[in-house]
Amino acid sequence: MIWEVFRQEKQGGYHTHCGNVHAPDREMALMFAQVQHARRRPTHSLWVVPKDEIGEVDAEEASFGGTTDKMYRWAMTFNTDASFAKEIEDSEKEQIEAERQRREQ
């Protein structure tokens, strides 16, 4: 039986998939997982799950997030008038000049 192994590096962190082991039961799977996936790396805990018990849904069966256009959330898409942009540019030049003068003192 194949068991998928998930490892948690630090307490409170996510368990991430790190491989699998072949074992006849859960106790042997945990022992093999400790030896193969936790012996050389910092590990807080391990999960072992029978591979057949893991469900999957993919993009062909369902629509996942990220398909709607939300470009309005990006600040770069807002229009600003040219006078405001000029003010920002002048402010940046003043800051650069002030920084140059501080270094010279």
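## Exercises on a predicted two-helix, three-strand protein

The protein has two helices and three strands, where helices (H or I, at least four residues) and strands (E, at least two) are DSSP runs numbered from the N terminus. The model is predicted, so that local features need pLDDT of at least 70 and side-chain atom pairs count only at pLDDT 80 or more, while totals for chains, interfaces and linings use all residues. Residues are numbered from 1 along each chain as its sequence is written, and side-chain values use heavy atoms, with hydrogens and water left out.

### Exercise 1: overall form and confidence

Task: describe the order of the elements, the spread of the chain and the confidence of the prediction.

Step 1. Along the sequence, the elements follow the pattern β-β-α-β-α. The radius of gyration, taken over C-alpha atoms, is 27 Å, well over the 13 Å that the globule rule (2.2 Å times the number of residues to the power 0.38) gives for 105 residues, so the protein is more spread out than a compact globule.

Step 2. The C-alpha trace spans about 70 × 45 × 15 Å along its principal axes, and the C-alpha atoms of V49 and Q101, which lie 52 residues apart along the chain, are separated by 64 Å.

Step 3. Buried residues (under 20% relative accessible area, with exposed over 50% and partly exposed in between, for a 1.4 Å probe and protein chains only) make up 16% of the 105 residues.

Step 4. The average pLDDT, the predictor's confidence in each residue from 0 to 100, is 88, and 90% of the residues score at least 70. Confidence is lowest in helix α2 (residues 82–104), at a mean of 85, and highest in β3, at 97.

### Exercise 2: the largest nonpolar core

Task: which residues make up the largest nonpolar core, and which elements give two or more residues to this core?

Step 1. A nonpolar core is a set of buried Ala, Val, Leu, Ile, Met, Phe, Trp, Tyr and Cys residues joined through side-chain atoms within 4.5 Å. The largest one holds nine residues, namely W3, V5, V21, A23, A29, A33, A38, L46 and V48.

Step 2. The elements that give two or more residues to this core are β1, α1 (26–37) and β3 (45–50).

Step 3. With residues up to four places away in sequence set aside, V48 touches (heavy atoms within 4.5 Å) W3, E4, V5, R26, A29, L30 and A33.

Step 4. In soluble globular proteins, nonpolar side chains tend to be buried together.

### Exercise 3: two polar residues of strand β1

Task: are R7 and Q8 buried or exposed, and which polar atoms lie by their side chains?

Step 1. R7 is in strand β1, and Q8 is also placed in strand β1, which covers residues 2–8.

Step 2. R7 is buried because its relative accessible area is 8%, and Q8 likewise counts as buried at 8% relative accessibility.

Step 3. A polar atom of the R7 side chain lies 2.6 Å from the backbone oxygen of P42. The side chains of R7 and T43 are joined by a polar contact of 3.5 Å, a polar contact being a pair of N or O atoms within 3.5 Å, of which, within protein, one must be able to donate a hydrogen and the other to accept it, and residues adjacent in sequence count only if both atoms are side-chain atoms.

Step 4. For Q8, a polar atom of the side chain lies 3.4 Å from the backbone oxygen of K10.
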